[in-house]
Amino acid sequence: MTARIGIVIPTMGSRPEFLVQSLASIRSAGSATIHIIAPESAKLASVLDPSSYDALIIDPGTGLSAAIDVGLRSFSPRVQYINWLGDDDLLTEGSLDHALSVLAGNPSIALVYGGCEYIDGDGKSLWHNKSGSYAKYLMRCGPQLVPQPGSLMRMDAYEQIGGLNHQYKWAFDLDLLIRLSRVGKLQFTPRTLAKFRWHTESLSVGGRRGSVTEASAVRKKYLHHNLKLISELWESPIRRIVLRAGSSLTTRQVKSITGIVK
C-alpha cells in the first residue's frame, strides 16, 4: 500500500462485531494502513476478513498506552500521519481524507481534530460533541473536550515528543495533546470526524472516576509551580462537574435502551 496514513486498533478481541464495524469505517474514511494490535490468544486472523486490515501485531501485554505505542511505531517510513481508534468506535465517511487535507496544507499543525458523535451499543445517537478551537485551551484547566477519535497527527511530531506516556491508564491522550501543543498547532476543523461508543464495557466509561482523577493529575503536572499550589481551588469542582456529566450521559443511554427517550 502507498497510504500516508496509519491507523492502529488496539483490541482484546472480545467484541468482534464492533471490531468489524470499526475496520469498515476506517476503510470508508480514506486511504489508510490499518494495524491491529491484540493478544495472540484472540486469534483474530481466523475471524476477520484479511482485506479489512494490513497487519496483526502481538500486544506486549504491558498496558493500553504501551500497546498503542507499539502499533503506532510499527508503520513503515512512508506513513506520515497517524492515530488510533478504539475497537468499538467509528470514523465517519471521508474523515481521514478531510483531516489529511488540513494537515498536509500546513506543516505547522501537529494534530487536527473535529467533532465527535456519542452513540450507544446499538449505534443510536446519544450526544454530539461539536468541540471547537476553544477546546485546546480548555483542556489545560478544565474538561478535556478535544475528541481523540477522528483526530490525526504527524508522525514526526509524535516521535519528537517521545510518544505516549505509559504511566497513565486513562488520561494518556490528554498528556499527549498537551505535549503535542508544545511542538505544533492543534487545529480544529468544523466537521464530525468520528463516533464514540458509550457503553459500560468501554474502558473510559467503566473507569470514569479513575479517568477523571488521572486527567486532573495530568493538568496539574503541566501547570506553573505557583499555580500547582492552588490548583485544587478549581480542580475539585471540575472533577465533580465531569463526573456528573458522565453520569448524565449514562442515564440518557439507559433511558434510550428502555424506550423512555426516543
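**Close-up views of a predicted model**

Aspartate 175 is buried, with a relative accessible area of 0%. This and the other features shown here belong to a predicted model, and each legend below takes up one part of the structure.

**View 1. Aspartate 175 pairs with lysine 221 in a salt bridge.** The two side chains meet at 3.8 Å, N to O. Aspartate 175 sits in helix α6 and lysine 221 in helix α8 (residues 208–221), so this contact links distant parts of the chain, 46 residues apart. The two partners fall into separate classes of accessibility: aspartate 175 is buried at 0%, whereas lysine 221 is partly exposed, with a relative accessible area of 36%.

**View 2. Lysine 220 and glutamate 232 bring helices α8 and α10 together.** In this salt bridge the side chains come to 2.5 Å, N to O. Because lysine 220 lies in helix α8 and glutamate 232 in helix α10 (residues 232–258), the pair ties together parts that are twelve residues apart in sequence. Lysine 220 is partly exposed, at 25% relative accessibility, and glutamate 232 is partly exposed too, at 36%.

**View 3. Arginine 15 and aspartate 87 join two loops.** Which residues form a network of salt bridges here? They are Arg15, Asp87 and Asp88. Within this network, the side chains of arginine 15 and aspartate 87 meet at 2.7 Å, N to O. Arginine 15 is in the loop between β1 (5–10) and α1 (16–29), and aspartate 87 is in the loop between β4 and β5 (90–91), so the pair ties together parts that are 72 residues apart in sequence. Are these two residues buried or exposed? Arginine 15 counts as buried, at 14% relative accessibility, and aspartate 87 is buried as well, with a relative accessible area of 5%. For context, a search of the whole structure finds nine salt bridges.

**View 4. Eleven named residues aside, start with the space itself: the largest cavity holds about 70 Å³.** The count comes to one cavity of 30 Å³ or more. Its lining is made by Asn83, Trp84, Leu111, Val146, Pro147, Gln148, Ser151, Met153, Asp173, Leu176 and Leu177. By type, the lining divides into seven nonpolar residues, three polar and one charged. Strand β4 (81–84) and helix α6 (172–180) each supply at least two lining residues, and the largest share, three residues, comes from α6.

**View 5. Isoleucine 178 is a buried residue of helix α6.** Its relative accessible area is 1%, under the 20% limit, which means that isoleucine 178 counts as buried. Where does the chain come back to this residue? Arginine 219 is 41 residues apart from isoleucine 178 in sequence, yet the C-alpha atoms of the two are 8.8 Å apart in space.

**View 6. Four residues make a nonpolar patch on the surface.** Leu227, Leu229, Ile230 and Leu233 together form this patch of about 420 Å². One of them, leucine 227, belongs to helix α9 (residues 225–228). Leucine 227 is partly exposed because its relative accessible area of 38% falls between the 20% and 50% limits.

How values were computed:
Residues numbered from 1 in each chain as written. Predicted model: local features only at pLDDT ≥ 70, side-chain atom pairs only at ≥ 80, totals over all residues. Heavy atoms only, no water. Patch = residues over 30% accessible without salt bridge, like charges linked within 9 Å, V, L, I, M, F, W, Y side chains within 5 Å. Areas by Shrake-Rupley, 256 points an atom, 1.4 Å probe, with all protein chains shown as cover. Helix = DSSP H or I, 4+ residues; strand = E, 2+ residues; numbered from the N terminus. Buried < 20%, exposed > 50% of the residue type's maximum accessible area, 1.4 Å probe, protein only. 1 Å grid on protein atoms, 1.4 Å probe; cavity = no way out; pocket = protein on both sides within 12 Å on 5 of 7 lines; lining within 4 Å. Points joined across faces, edges and corners; volume = space filled by probe spheres on them. Nonpolar A, V, L, I, M, F, W, Y, C, P; charged D, E, K, R; others polar.
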